[in-house]
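Colleague: I've just opened this one and could use a guided tour. Where shall we begin?

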Amino acid sequence: MSRQILQNVRKNVTKLSPYIPGKPIREVQEEYGLSEVAKLASNENPIGPSKKVQAAIQSVLGELHRYPDGGSTELKRAIAQKHDVTPEHILVGNGSDELIKMLSETFLHPGDEVVMPAPSFSQYVFGTLLMDGSVNYVPLAEGFEYDLDAILRAITPRTKMVYLCTPNNPTGTYIRKEAFAAFMRKLPEGVLIVLDEAYYEYVTAADAVHGLSFVREGYPVVVLHTFSKLYALAGLRVGYLVADPSIVQEINRVREPFNVNTVAQVAAVTALDDTEHVQTSIEVNESGKKQLYSAFERLGLTYIPTQTNFILVDTKRPSKEVFQQLLKVGVIIRSGEPFGLSTWIRVSVGTQEENIRLIEALEQI
Ligand SMILES: Cc1ncc(COP(=O)(O)O)c(C=O)c1O
């Protein structure tokens, strides 16, 4: 390949590292000759999409020669109704990953700063570096709790956005409503707050912040939600943001014409309405959490109580090694290494059987 072509690659692009996803089940089966593999690496809903969603998907297969509804009209209407906002408050994306990228494309100039907690979700870094911005990391406090005063102190005149993931991936810790309200009162003008609530449906804490009320009150807050977690549609890629219509309008300029496919739109509308499946999913998660908490306690492993469908656990050993050992016996988890947590692992809450598999594997190693 011509050197000139490779030299033309934008400098900031050369600094990006491709996202490393959780290992696919089939790959692990083939690599280790295993028939049964439990994937507890990507915080997916372990019971899968509901029968209603599967039927809805079937019903549109004959229409796939048509382009999707570029504006995701019906889905936006359904989301708006659920959250008591207008469709103009909503933008649907090909997963919230796409929305994170679009936020950067809309608001970041080269040299701008983005503030985010550490450790947190890696795509905020990707979006920032893509636009030649820089990231100002603020370490979480004791017990991986949020310190919003530290976040405020990290904001400079160059800061355009602050990402707050609540509950946070990979820690499962969350922001209190009162703390967030105080934070917003002190926020310098011109800074956009992105509250990534990918796991908000799992939250049980009564004092947790929910960004929608701040959006409704006109604060500069963008709330991110996804259909990949509780709604069990990670494979279809649907996420959405809720913000003031004036903000949504600007982000909508960078949206690809048909960014959310037809199957995804229909599945999401149906999933939103399937309260029975939602309830079952929450119950499976709650009982799985209890099952895992008690196993970790029995094994003497420290864990962080979670408001999500995953748990951060300290193995007191190099997590890279634990990850490899678990893989060999058919359990895929996340090593804490990429998050800078060298002895911690992040495990998604699975079905009862999957959790047992993890517990037995941990006992074994
Ligand atoms: C905090 C957080 N935000 C966003 C995402 C991405 O979600 P989506 O599948 O909608 O792109 C994830 C996925 O793991 C996540 O943990």
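**Around the ligand**

Modeller: Let's start at the ligand, keeping in mind that this is a predicted model. There are 13 residues around the ligand, and the ones that come nearest are Ser96, Asp196, Tyr199, Thr226 and Ser228.

Colleague: Which side chains have an N or O atom 2.6 Å from the ligand?

Modeller: To read that, look for pairs of N or O atoms within 3.5 Å. Here the Asp196 side chain has such an atom 2.6 Å from a ligand nitrogen, and the Thr226 side chain has one 2.6 Å from a ligand oxygen. Lys229 joins in too, with a side-chain N or O atom 2.8 Å from an oxygen of the ligand. On its own the ligand has 390 Å² of accessible area, and the protein covers 93% of that.

Colleague: How many residues of each class are in the shell around the ligand?

Modeller: Sort them by class and you get four nonpolar, five polar and four charged residues.

**The sheet**

Colleague: What is the order of the strands in the sheet?

Modeller: Go from neighbour to neighbour: the seven strands run E2-E8-E7-E6-E5-E3-E4, in an open sheet with mixed pairing. Strands E2 (90-93) and E4 (134-139) each have a single partner strand, so they stand at the edges with one side lacking a neighbour in the sheet. From one strand to the next, the twist averages 20°.

Colleague: And how do E3 and E4 run, parallel or antiparallel?

Modeller: Parallel, with six bridges joining them. For an example, find Val115: its bridge partner in E4 is Asn136. Helix H7 (residues 123-130) packs on the sheet, where it touches E3, E4, E5 and E6.

Methods
Residues numbered from 1 in each chain as written. Predicted model: local features only at pLDDT ≥ 70, side-chain atom pairs only at ≥ 80, totals over all residues. Heavy atoms only, no water. Pairing = 2+ DSSP bridges. Helix = DSSP H or I, 4+ residues; strand = E, 2+ residues; numbered from the N terminus. Axes fitted to C-alpha atoms, helices over the stretch in contact; angles between N-to-C directions. Contact = heavy atoms within 4.5 Å. Near = heavy atom within 4 Å. Polar contact = N/O pair within 3.5 Å; in protein donor to acceptor, adjacent residues only side chain to side chain. Areas by Shrake-Rupley, 256 points an atom, 1.4 Å probe, with all protein chains shown as cover. Nonpolar A, V, L, I, M, F, W, Y, C, P; charged D, E, K, R; others polar.
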